[in-house]
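Please work through the exercises below with the structure in view. Each task is followed by a solution in steps.

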Amino acid sequence: MDIKTRWGRFTRTPAFNGYAMISPTAFYALLLLAAPLGTVVYLSFMTDGAGVREVINQPTIGNYLTAWTDPIYRALMLRSLFVSTLVTLATVILAFPVAYYISFFVTPNKKSLWLFLITIPFWTSYLVRVFLWKVILGFNGVINSGLISLGIIEDPLTWINVNVGAIVVTLAHAYAPFAILPIFVALEKIDRSLLEAGRDLGETALTTFWRVTLPLAMPGVVGAVLIVFIPTVGDYVTPDIIGGGKIPLIANVIQKLMLGIDNMPLGSSVAVSAMLIVGAAAAIFVLINARFLKVKK
Amino acid sequence: MTTRPMIELKDVQKYYGDYHALRGITADIRAGEFFSLLGPSGCGKTTLLRTIAGFEDITSGVVMIDGKDMEGVAANQRPTNMVFQSYAIFPHLTVEQNVAFGLRKDPRTKEEKAKAVDEALQMVGLKGFGKRAAHALSGGQRQRVALARALILKPKVLLLDEPLSALDKKMRENMQVELIRLQRQVGITFILVTHDQEEALVMSDRIAVMFDGEIAQLDDPETLYRLPKSRRVADFIGHMNFLPAKVVDEANGEIDVDVQGLGRCHINAKQAPGTNTGGEASIGFRPETLTILYEGQSASDRETTGSVEEVVYYGDMTYYDVKLDGVADPVRLSMRNVPGRPVLDRGTKTRVAWSPSALVLFR
């Protein structure tokens, strides 16, 4: 009886409404995110069996020892972080002017049109876009054949294809909208009178940007960095297609371990390790910028 | 003190596309005065202020500050500083950093600058607030930070864009007094933009009343209140009663008018400050220039009769709408509620004292 009335009272509170509203999403997240993640963490502490997909239920930290001591994983992880950092830098630095232009120079009634146009790349499959870049940058691609037919070069350029640069270009293009949007939102929130105040207090347009606009846009920049950096570390399609399998990143080796070599425990431990490293890198980045993120309004 | 004015505006015109925002503003603002731009929203007062600050280019005309033509001089190069309507306090900085924002190029040492910041904060009554985050301040405190941030640069002119409109009534009245005190203390020319006529009257040495991109009248508060040049100005500043009138005779600085309900009046030509537009004439008078006569009292000048139609009690004052005999619309008059003076009921027949010397003629 007591429990029944308590339950009855609880169902009428705003908190209950809140829980009721998020429960489908929470259930979905739990089932499709937490459960697989838990499985991967569980597998990473198990022992590999001889059979296909066979895992022996025997706890060990051997997988982690391999993952953290074998130089191949360290090299691939470092390369992944290096590529992701390059991609993030390129994306955010290129996205900022676009976001700035839309926020400050596009008339308010045209802003949504511009944002809509920026999402156009999403209309095609990511794979198609990656292949398009291969067509453009490839050995016999648009750029090379174009330059050769113009007589500017005699032999195809190799530094634009099958290398880290090509991967960076492709990924930076793919993630551009993700970087533009958070920066745009942060710029939109800046009270324009703050910029006038900067001018009024003796600063030029440029110094006002450094002292007012950029610090206030930092929450958006931080968001953009995280949104670009975290998924690119785990990207394996682009290095596979653009790099022609010659420049594997950490995700490629995880895929190989899981499905190719069929060592799920080791693959899992590399995956968990990579996740921890990316998480730590992201956390450090957020902490460095903490003073910008505290500002409300 | 007949030095040249701090700000000279000569036929300043401003167009936004087809919209004519400023239609030939000509005015001199004296050094060290508290000057107000008063008018309804859309009258161009803020545009004029932003023009002086350098945020708006003018289409034609001249803006001189301290004898220098401001043509082509950017906002950051002008000897003016502004207190914005939204205060524009930098949310990512502390109070101290906000106040010190404009001191970056100041050649003084760090210690001297810190001392200046402390002094500025003390001046606006925010001593000890330096380390606080700016976004955690209340509206009144932000305003003070904005003031300190502008005044620390010792500008020749301080521009205030409706600085008090976001504050509640009590706070606003306190800040009005503080701003006057501050202005006297620092001796800087203050230019205030406001739509609040009371605020302008209380604070200003002189007021420019603006309508439709033009200055309708520029005078000290008392002249503006007692001798408005047009019905529109009279209506905008305080309350004014209007009665239809007819000019009968005009000679030697004297005017004879026939006023509905009040009869033939003899007034001085100074009581017709506006230009003669040739339109229909009317007589205006403020509520406090009429006095209800209680039993046994007699008028010192003239009196007329009427009946009380509406009573509005304000505590210190009572406003009466009185229908004067022979006048179509009731007129408003105000009486101070002194002891022994009862508040009249509606419908009471009463005698009202008035004087032709308090009338203003519009024509």
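The exercises concern the contact between two chains, one sheet and the domains of one chain.

This is a predicted model, in which local features need pLDDT of at least 70, side-chain atom pairs count only at pLDDT 80 or more, and totals for chains, interfaces and linings use all residues. Residues are numbered from 1 along each chain as its sequence is written, while chains are lettered from A and ligands numbered from 1 in the order in which they are written.

**Exercise 1.** Determine how many residues each chain gives to the contact between chain A and chain B, and describe the side of chain A.

*Solution.*
1. Residues are in contact if their C-beta atoms, placed from the backbone, lie within 7 Å. The contact takes 18 residues from chain A and 17 residues from chain B.
2. On the side of chain A, two elements give two or more residues, α9 (192-200) and α10 (205-234). Helices are DSSP runs of H or I with at least four residues, strands are runs of E with at least two, and both are numbered from the N terminus.
3. The most comes from α9(A), with six residues.

**Exercise 2.** State the strand order of the five-stranded open sheet in chain B and identify its edges.

*Solution.*
1. The order is β15-β19-β16-β17-β18, with antiparallel pairing; two strands pair if DSSP finds at least two bridges between them.
2. β15 (291-293) and β18 (331-336) of chain B each have a single partner strand, so one side of each is left without a neighbour in the sheet.
3. Within the sheet, six bridges join β16 (302-313) to the antiparallel β19 (349-354) of chain B. B:E303 has B:A353 in β19(B) as its bridge partner.

**Exercise 3.** Locate the domains of chain B.

*Solution.*
1. The automatic or database domain assignment that sets the bounds gives domain 1 (7-226) and domain 2 (239-363) in chain B.
2. The C-alpha centres of these domains of chain B lie 39 Å apart.

Note on methods
Two residues are in contact if their C-beta atoms, placed from the backbone, lie within 7 Å.
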